[in-house]
Amino acid sequence: MRKTLIEVAAAILLTLAAILALAPGASASGVMITKAYARASATPGAQSGAAYVSLMVHGDADRLVAVSTPAAKMAGLHKSVLVDGVVKMEHVDAIDIPAHGRLQMKPGGYHIMMMGLTQPLKEGDEIELTLTFEKAGEVKVNATVGGVAAGMN
Ligand SMILES: [Cu+2]
């Protein structure tokens, strides 16, 4: 009798563990991050930094609406644009990704702007990014800090 109870309890626990294990990778979140990196700070006093992610949306169109990171006080979505021959950065409220589409952030395009770095970004470090999507919800990813010009090649 006792053994049976233990077996039942174990079976329930295994089932729960299986459900929990499936949850993050499952297509409940239809977003797959394919690349994530940040640029090292060029100077020790740097207050801001940039990170870039590439991702694919499996399924319906989605919208990236917010970003955050423990590496900075504030993070936001930016886009670099050319205005009269000068590169300027614009804040964007959200980035739409079409059904089965991709988003590739890169220098000169969309990026994650981090303002108020808690410490300078050093090459080889990892920073956690949390991306919030309208449908997929929060997706966390670790971005590796590359060189000061990472992403240019
Ligand atoms: Cu920016």
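Two strands pair if DSSP finds at least two bridges between them. Keep that in mind for the first stop. The model on screen is predicted.

**Stop 1: strand β1 and its partners**

Select β1, residues 31-39, then add β2, residues 48-57. The two strands run antiparallel, joined by seven bridges. Pick I33 to see one register point: its bridge partner in β2 is L55.

Now show β10, residues 137-146. Here β1 has a parallel neighbour, and three bridges join the two strands. Click A38. Its bridge partner in β10 is V145.

**Stop 2: the aromatic pair**

Stay on β1 and β2. Show the side chains of Y37 and Y52. They form an aromatic pair, and the structure holds one such pair. What is the angle between the planes of Y37 and Y52? It is 25°, with 5.1 Å from centre to centre, and the pair is stacked. Y37 sits in β1 and Y52 in β2, 15 residues apart, so the pair links distant parts of the chain.

Turn on a surface to check burial. Y37 has a relative accessible area of 11% and is buried. Y52 is buried too, at 4%. Both values fall under the 20% cut-off, so both residues count as buried.

**Stop 3: the segment after β10**

Follow the chain past β10 to A150, which lies in the segment after that strand. Buried or exposed? A150 is buried, at 14% relative accessibility. Select what A150 touches, leaving aside neighbours within four places in sequence: Y37, A38, R39 and P107. Y37 is a member of the aromatic pair from the last stop. A38 is the residue bridged to V145.

Now draw a distance from A150 to K106. Their C-alpha atoms are separated by 9.4 Å, while their positions lie 44 residues apart along the chain.

**Stop 4: the loop before β4**

Jump to T69. This residue lies in the loop between β3 (62-68) and β4. It counts as buried, at 8% relative accessibility. Show polar contacts from the T69 side chain. One reaches the backbone nitrogen of A71 at 3.0 Å. Another reaches the backbone oxygen of E128 at 2.7 Å.

Widen the selection around T69. Not counting residues up to four places away in sequence, T69 touches A75, M114, I127, E128 and L129. E128 thus appears on both lists, as a contact of T69 and as a backbone oxygen partner of the T69 side chain.

**Stop 5: the copper site**

Select the copper ion. Which atoms coordinate the copper ion? They are H78 (ND1), M89 (SD), H111 (NE2) and M113 (SD), at 2.1 to 2.3 Å. Look at the angles next. The four donor atoms subtend 93 to 121° around the copper ion, which makes the arrangement tetrahedral. Along the chain, the donors follow the spacing H-x10-M-x21-H-x1-M.

Trace the strands that supply two of these donors. H78 lies in β4 (residues 72-83) and M113 in β8 (residues 110-117), so the pair ties together parts that are 35 residues apart in sequence. Both are buried: H78 at 11% relative accessibility, M113 at 9%.

Finish on H78. Leaving aside neighbours within four places in sequence, H78 is in contact with M89, E90, H91, V92, G109, Y110, H111 and M113. Among them are M89, H111 and M113, which also coordinate the copper ion.

Key. Residues are numbered from 1 along each chain as its sequence is written. This is a predicted model: local features need pLDDT of at least 70, side-chain atom pairs count only at pLDDT 80 or more; totals for chains, interfaces and linings use all residues. Side-chain values use heavy atoms; hydrogens and water are left out. Donors are N, O and S atoms within 2.8 Å of the metal (3.2 Å for Na, K and Ca); water is not among the atoms, so sites may look incomplete. Four donors count as tetrahedral if all angles lie between 85 and 135 degrees; four count as square planar and six as octahedral if opposite donors are over 155 degrees apart and all others between 65 and 115; anything else is irregular. Helices (H or I, at least four residues) and strands (E, at least two) are DSSP runs, numbered from the N terminus. Buried means under 20% relative accessible area, exposed over 50%, partly exposed in between (1.4 Å probe, protein chains only). Rings of Phe, Tyr and Trp (its six-membered ring) pair if their centres lie within 6.5 Å; planes under 30 degrees apart count as stacked, over 60 as edge-to-face and the rest as tilted. Contact means heavy atoms within 4.5 Å. A polar contact is a pair of N or O atoms within 3.5 Å; within protein, one must be able to donate a hydrogen and the other to accept it, and residues adjacent in sequence count only if both atoms are side-chain atoms.
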